[in-house]
Structures are given as structure tokens and as C-alpha cells.
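Dear colleague,

I am passing the structure below on to you, and after it I set out what was found. Please keep it open while you read, since the notes move from one part to the next.

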Amino acid sequence: MKKLVNIIFELIKKNKEIIMYGIFGVLTTLVNIFVYFILVRVFNFHYLISTIISWIISVLFAYFTNKKYVFESKGNNYLKEIFAFIGFRILSGIIEIVLMYLFVDTLTFDDLISKVITNIVVVLLNYIFSKLFVFKNKSCN
């Protein structure tokens with residue numbers, strides 16, 4: 001039993017970044033969907049406006065959690081890092097808006113189901129962008 005526990009802890013240690021990204025990716029997605037739901041269902045905002053607002057709030061949440069807990073970035077070039085982060089999030093945000101339009105207006109899917117599907121795609125893209133371009137080095141950027 002002790003050996004199994006050690007194997008599990010070793011796997012967690014080796015995959016900490018992906019596990020943490022998964023946890024905060026889920027939390028970011030929940031923030032995004034929650035804000036979207038409130039704006040659309042409670043305040044009757046248009047779904048595209050709600051998508052933009054929920055995206056902005058979730059990007060802010062994601063930057064701070066990714067920097068501190070996922071990639072543990074210690075870089076001191078904050079402007080470069082945050083502009084890169086926001087730039088790639090704008091790209092994924094545009095992809096999200098296009099996918100929402102495609103799913104809801106063109107394919108007539110339910111907007112909430114479309115939002116969940118779209119967020120899965122966006123979370124995967126954001127990990128790739130962050131890993132390769134934004135938080136490239138934990139000690140300095």
C-alpha cells in the first residue's frame with residue numbers, strides 16, 4: 001500500500017503543472033460560464049455581449065492564478081508577460097466568439113451547451129499559448 005501511495009505522489013509531483021492548470025482551467029471556465037449565465041439569464045444581455053464580458057473577467061482570473069499557481073512564474077518583466085498573456089487570450093477570445101456565433105446562429109445549438117464546448121477548446125488553446133509563449137521560464141521571462 002505504501003508503494004502505491006508513493007507512486008501516486010510521484011505522478012502528482014511530475015504532473016503538477018498540468019494538474020494545477022486543469023484545476024484552475026475548470027475554475028476559470030466556471031467563472032466564465034457563471035458570469036455568462038447571470039448576464040444572459042438574469043440581466044437579459046445579448047449572448048455575444050455576455051460572452052465578451054465573461055471572457056474579460058475570466059482572463060483576469062486566469063492571469064493571476066496561472067502566474068502564481070500553475071506556471072509559478074517569477075519573471076520580473078511584468079508588462080511583457082501580461083501583454084503576451086492578454087494578447088493570446090484575445091486570440092482565444094476571438095476564437096470563442098466565432099465558435100459561439102457558429103454554434104448558436106449558424107448551427108442553432110443551445111447557447112449554454114455551445115458555451116461549454118467552446119470553453120473546452122479555449123482552455124486547451126490557452127494552455128498551449130501560456131506554456132509555449134507566456135510563462136516560458138519559471139525563473140525569468
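Which residues of α4 are buried? Before the reply, please bear in mind that this is a predicted model. In α4 the buried residues are Glu-81, Phe-85, Arg-89, Ser-92, Gly-93, Glu-96, Leu-99, Met-100, Phe-103 and Val-104, and they pack against α2, α3 and α5. In general, an α-helix has 3.6 residues a turn, so residues three or four places apart point the same way.

The length of α4 can be checked as well: its 29 residues, at 1.5 Å a residue, should span 42 Å, and because the end C-alpha atoms are 40 Å apart, the two values agree. Just after α4 comes Thr-108, which has a positive phi of about 55 degrees.

The helix α2 can be described in a similar way. For its 27 residues a span of 39 Å is expected at 1.5 Å a residue, and the end C-alpha atoms lie 38 Å apart, which agrees. Its buried residues are Glu-17, Met-20, Tyr-21, Phe-24, Gly-25, Thr-28, Thr-29, Asn-32, Val-35, Tyr-36, Leu-39 and Val-40, and these pack against α3, α4 and α5. After α2 follows Asn-44, with a positive phi near 55 degrees.

In helix α5, which covers residues 111-134, you will find Ser-114. Its relative accessibility is 0%, so Ser-114 counts as buried. Leaving aside residues up to four places away in sequence, Ser-114 touches Met-100, Phe-103, Val-104 and Phe-109; of these, Met-100, Phe-103 and Val-104 are among the buried residues of α4.

There is also an enclosed space to look at. The count comes to 1 cavity of 30 Å³ or more, and the largest cavity has a volume of about 130 Å³. It is lined by 17 residues, of which Thr-28, Ser-58, Arg-89, Val-122 and Asn-126 are the closest to its centre. At least two residues of this lining come from each of α2 (16-42), α3 (47-70), α4 (78-106) and α5, with α2 giving the most, 6 residues. By kind, the lining of the largest cavity divides into 7 nonpolar, 8 polar and 2 charged residues.

Finally, the aromatic rings deserve a look, as the structure holds 13 aromatic pairs. One of them joins Phe-24 and Tyr-69, a stacked pair with 5.3 Å from centre to centre and 15 degrees between the planes. This pair links distant parts of the chain, since Phe-24 is in helix α2 and Tyr-69 in helix α3, 45 residues apart. Phe-24 is buried, with a relative accessible area of 13%, whereas Tyr-69, at 38% relative accessibility, counts as partly exposed.

A further pair is made by Phe-71 and Phe-135, whose ring centres are 5.2 Å apart and whose planes are at 20 degrees, so the pair is stacked. It too links distant parts of the chain, with Phe-71 in the loop between α3 and α4 and Phe-135 in the segment after α5, 64 residues apart. Both Phe-71 and Phe-135 are buried, and both belong to one aromatic cluster that also includes Tyr-21, Tyr-63, Phe-64, Phe-85 and Tyr-127.

With best wishes

How values were computed. Residues numbered from 1 in each chain as written. Predicted model: local features only at pLDDT ≥ 70, side-chain atom pairs only at ≥ 80, totals over all residues. Heavy atoms only, no water. Helix = DSSP H or I, 4+ residues; strand = E, 2+ residues; numbered from the N terminus. Buried < 20%, exposed > 50% of the residue type's maximum accessible area, 1.4 Å probe, protein only. Contact = heavy atoms within 4.5 Å. 1 Å grid on protein atoms, 1.4 Å probe; cavity = no way out; pocket = protein on both sides within 12 Å on 5 of 7 lines; lining within 4 Å. Points joined across faces, edges and corners; volume = space filled by probe spheres on them. Nonpolar A, V, L, I, M, F, W, Y, C, P; charged D, E, K, R; others polar. Expected span 1.5 Å × (residues − 1). Phe/Tyr/Trp six-rings, centres within 6.5 Å; stacked < 30°, edge-to-face > 60°.
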